[in-house]
Amino acid sequence: MRTKWWKILGLAGMAGVAATGVVMARAERRRRAYTPEEIRSRLRERVENPPQDA
């Protein structure tokens with residue numbers, strides 16, 4: 001009976017690792033989708049209009 005729980009726990013762990021990898025891959029694809037000019041314009045916009053929270 002104990003080995004059954006260890007197998008379930010191991011499979012759940014592997015599923016969690018796989019899900020994390022999928023989330024990270026999506027974020028990386030989204031990040032790389034910007035052209036260099038888009039990145040420059042976003043950075044310039046941030047410098048010109050800093051957040052007012054601080």
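Helices, here and below, are DSSP runs of H or I with at least four residues, numbered from the N terminus. The views show a predicted model.

**View 1. Isoleucine 39 and the nonpolar surface patch.** Isoleucine 39 is placed in helix 2. With a relative accessibility of 39%, isoleucine 39 counts as partly exposed, because the partly exposed class lies between the buried limit of under 20% and the exposed limit of over 50%. Together with Tyr34 and Leu43, Ile39 makes a nonpolar surface patch of about 260 Å².

**View 2. Glutamate 37 and its arginine partners in helix 2.** Glutamate 37 forms a salt bridge with arginine 40, and the closest N and O atoms of this pair are 3.2 Å apart. Both residues belong to helix 2 (residues 36–48), where a spacing of 3 residues separates them by about one helical turn. A salt bridge also joins the side chain of glutamate 37 to that of arginine 44, with an N to O distance of 3.9 Å. This pair meets the criterion because the cut-off for a salt bridge is within 4 Å. The relative accessibility of glutamate 37 is 44%, which places this residue in the partly exposed class. Arginine 40 is likewise partly exposed, at a relative accessible area of 40%, and arginine 44 is partly exposed at 47%.

**View 3. The salt bridge between glutamate 28 and arginine 32.** In this pair the side chains meet in a salt bridge with an N to O distance of 2.5 Å. Glutamate 28 and arginine 32 are both found in helix 1 (residues 2–32), and their separation of 4 residues is about one turn of the helix. In an α-helix, residues three or four places apart point the same way, because there are 3.6 residues a turn. Glutamate 28 has a relative accessible area of 29% and is partly exposed, whereas arginine 32 counts as exposed at 63%. A network of salt bridges links Glu28, Arg31 and Arg32. The total for the model is 4 salt bridges.

**View 4. Helix 1 over its whole length.** Helix 1 comprises 31 residues and reaches 45 Å from its first C-alpha to its last. This span is close to the expected 45 Å, calculated at 1.5 Å a residue. Helix 1 is hardly covered, the count of buried residues among its 31 residues being 0.

Key
Residues numbered from 1 in each chain as written. Predicted model: local features only at pLDDT ≥ 70, side-chain atom pairs only at ≥ 80, totals over all residues. Heavy atoms only, no water. Helix = DSSP H or I, 4+ residues; strand = E, 2+ residues; numbered from the N terminus. Buried < 20%, exposed > 50% of the residue type's maximum accessible area, 1.4 Å probe, protein only. Expected span 1.5 Å × (residues − 1). Patch = residues over 30% accessible without salt bridge, like charges linked within 9 Å, V, L, I, M, F, W, Y side chains within 5 Å. Areas by Shrake-Rupley, 256 points an atom, 1.4 Å probe, with all protein chains shown as cover.
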